[in-house]
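Here is a short briefing for a first look at this structure. Keep the sequence and the 3D view open as you read.

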Amino acid sequence: MSELKTLRPDLQYIANWIPPQSRVLDLGCGDGELLAWLAAQKEVSGYGVEIDVNGVVGCVANGVNVIQSDMESGLSTFEDHSFDYVVLSLTIQAMHNIEGILQEMVRVGKTGIVTFPNFGFWENRWQILMGRMPVSETIPFEWYNTPNIHFCTVNDFAKLLNKLGLKIDHQLVLNQGEKVEFLPNLLGSLALVRFNKV
């Protein structure tokens, strides 16, 4: 197993939300960085789901249980309430069926955690005002090569959860790894939302 990395700030906040010995499913887990850290530091068990072969290889190198699968087809291989937490970090904006995956997250887990780039961030708004599609630290692609197909704001995501009958348990908005308390939808570039069924 490779040496334990320092987590990105958003992943560190997620890790802080997850109690020791929890069961975690990490959707779009990349190389398994979060799960490897949680297993080593908090004795967490679980699985990663990743479609990219390089991510799967990275998970194996990091000692993370991984299933190579496209989550767009659902999470039917997992039984109801199989996990305490289901994480979807910086992936939701690239998914086709957002409503379906959010509902599946709270079916297979007690609590869902989603992170996404906040399209309402002032720098993104400014770039649009100047006639360009936003490119930033949290949205690092040009319009013609982005995997992102859905952009939303902090407020949009809260509205969607409400529509689906899901309740926000905790929300953090960050800019450059720091918490944003004042005008988060305008001044925050990245949102972290913990939610569950009402």
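The points below go from the sheet to the helices, and then to single residues.

This is a predicted model. Its strands include an open sheet of eight, with mixed pairing. Helix H4 is largely enclosed by the rest of the structure. Helices H1 and H2 meet at an oblique angle.

**The sheet**

- The strand order is E3-E2-E1-E4-E5-E8-E6-E7.
- Strand E3 (66-68) and E7 stand at the edges. Each has a single partner strand, so one side of each lacks a neighbour in the sheet.
- Strands of a sheet pair through backbone hydrogen bonds, and the pairing is either parallel or antiparallel.

**The E3 end**

- Strand E2 (residues 45-50) pairs with E3 in the parallel sense. Three bridges link the two.
- Val49 is placed opposite Ile67 in E3.
- Helix H3 (residues 53-61) lies across both E2 and E3. H3 runs at about 160° to E3.

**The E7 end**

- E6 and E8 run antiparallel, joined by eight bridges. Here Ile168 stands opposite Phe195 in E8.
- E6 and E7 also run antiparallel, joined by two bridges. Leu174 faces Lys179 in E7 as its opposite residue.
- E6 and E7 form a hairpin, with two residues between them. One residue in the turn, Gln176, has a positive phi of about 50°.
- Helix H6 (residues 154-163) lies across strand E5 (109-117), E6 and strand E8 (190-197). H6 runs at about 170° to E6.

**Helix H4**

- How many of the 11 residues of H4 are buried? Nine are, so H4 is largely enclosed by the rest of the structure.
- The buried residues are Ile98, Gly100, Ile101, Leu102, Glu104, Met105, Val106, Arg107 and Val108.
- These buried residues pack against strand E1 (23-27), E4, E5, H6, E6 and E8.

**Helices H1 and H2**

- The axes of helix H1 (residues 9-17) and helix H2 (residues 33-42) come within 11 Å. They cross at roughly 45°.
- That angle is neither under 35 degrees nor in the range 65 to 115, and H1 and H2 are therefore oblique to each other.
- The crossing of H1 past H2 is right-handed.
- On the H1 side, the contact is made by Leu11, Gln12, Ile14, Ala15 and Asn16. On the H2 side, Glu33, Leu34, Trp37, Leu38 and Lys42 take part.
- By class, this contact has six nonpolar, two polar and two charged residues.

**Two residues with positive phi**

- Most residues other than glycine have a negative phi.
- Leu90 is not a glycine, yet has a positive phi of about 55°. Leu90 lies in the loop between strand E4 (83-89) and helix H4 (98-108).
- Is Leu90 buried, exposed or partly exposed? With a relative accessible area of 32%, Leu90 is partly exposed.
- Gln176 is not a glycine either, and has a positive phi of about 50°. Gln176 is in the loop between strand E6 (166-175) and strand E7 (178-179).
- Gln176 is exposed, with a relative accessible area of 66%.

**Two buried residues in contact**

- Asp10 is in helix H1. Is Asp10 buried or exposed? Its relative accessible area is 4%, so Asp10 is buried.
- Beyond its neighbours within four places in sequence, Asp10 is in contact with Ser89, Leu90, Thr115, Leu174, Leu190 and Leu192.
- Leu190 is in strand E8. Leu190 is buried, with a relative accessible area of 9%.
- Which residues does Leu190 contact, leaving aside its neighbours within four places in sequence? They are Asp10, Leu90, Phe116, Pro117, Asn118, Thr138, Leu172, Val173 and Leu174.
- Leu90 and Leu174 are among the contacts of Asp10, and both also appear among those of Leu190.
- Leu190 and Met95 are 95 residues apart along the chain. Their C-alpha atoms are separated by 17 Å.

Terms used
Residues numbered from 1 in each chain as written. Predicted model: local features only at pLDDT ≥ 70, side-chain atom pairs only at ≥ 80, totals over all residues. Heavy atoms only, no water. Axes fitted to C-alpha atoms, helices over the stretch in contact; angles between N-to-C directions. Helix = DSSP H or I, 4+ residues; strand = E, 2+ residues; numbered from the N terminus. Parallel < 35°, antiparallel > 145°, perpendicular 65-115°, else oblique. Left-handed = near helix turned anticlockwise from the far one by under 90°. Contact = heavy atoms within 4.5 Å. Nonpolar A, V, L, I, M, F, W, Y, C, P; charged D, E, K, R; others polar. Buried < 20%, exposed > 50% of the residue type's maximum accessible area, 1.4 Å probe, protein only. Pairing = 2+ DSSP bridges.
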